[in-house]
Amino acid sequence: MPTGKFKQRHHCACHAPARNRAPTPRARAREYGVSLVEVLIAVLVLSVGVLGAASLQLNAMRYSASAGYSTQAAIISRDILDRMRANPSALASYATASISGACTASAGGASIVLADIADFTRAVTCQLPSADASIAVAGRRVTVSIAWSEARIRADAPDTVFVVSSVVR
């Protein structure tokens, strides 16, 4: 036996660290449900993430459709204003009370003004859902109002109104 500072330690299996020992049956019984709980938590986290991604995609589609309708309304209103600028002598003839109804083919007209209004009517009723429009002329100031339903995008959504006012010279 060594003497002095350094003593030899006695090693046996009874003093082995717990990590090297086989688990007892009682410890094993407590660990049986741990893996199942971990899997259930992982599935829960994954399902919340998938639902969030689906919600983002749905909202992106809604806003994209709404932006498309706003763009169509801007194009239609600018088109009729450009037609009115091309025919300023008949400006008062472009005033309409209200345009609405189902999509119908453009019937044209006997004059440039009637053809322009027929094209405007077809564009409003065919390119926007449940749309209404009007053209108001006060002197040289023209106001084009276009309203459409966004109920196809969101059931409780109010009608959207796009108004453009311009001076025609």
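Where is the place of valine 37? Valine 37 sits in helix H2, and the close-ups below start there. This is a predicted model, where local features need pLDDT of at least 70, side-chain atom pairs count only at pLDDT 80 or more, and totals for chains, interfaces and linings use all residues. Residues are numbered from 1 along each chain as its sequence is written, and side-chain values use heavy atoms, with hydrogens and water left out.

**View 1. A nonpolar surface patch with Val37.** Val37, Ile41 and Val45 make a nonpolar patch of about 280 Å² (residues with over 30% relative accessible area and no salt bridge, nonpolar side chains joined within 5 Å; a salt bridge puts a Lys or Arg side-chain nitrogen within 4 Å of an Asp or Glu carboxyl oxygen; areas use the Shrake-Rupley method with a 1.4 Å probe). Valine 37 counts as partly exposed because its relative accessibility is 46% (buried is under 20%, exposed over 50%, partly exposed in between).

**View 2. Helix H3 and its neighbours.** H3 covers residues 112-127 (helices are DSSP H or I runs of at least four residues, strands E runs of at least two). Among its buried residues are Val113, Ile117 and Phe120. The buried residues of H3 pack against helix H2, and against strands S1, S2 and S3 (contact means heavy atoms within 4.5 Å).

**View 3. The largest nonpolar core.** Here 26 residues come together (buried nonpolar residues joined through side-chain atoms within 4.5 Å), and Met84, Phe120 and Val142 are among those with the most contacts inside. H2 gives the most, with six residues.

Notes: Expected span 1.5 Å × (residues − 1). Buried < 20%, exposed > 50% of the residue type's maximum accessible area, 1.4 Å probe, protein only. Patch = residues over 30% accessible without salt bridge, like charges linked within 9 Å, V, L, I, M, F, W, Y side chains within 5 Å.
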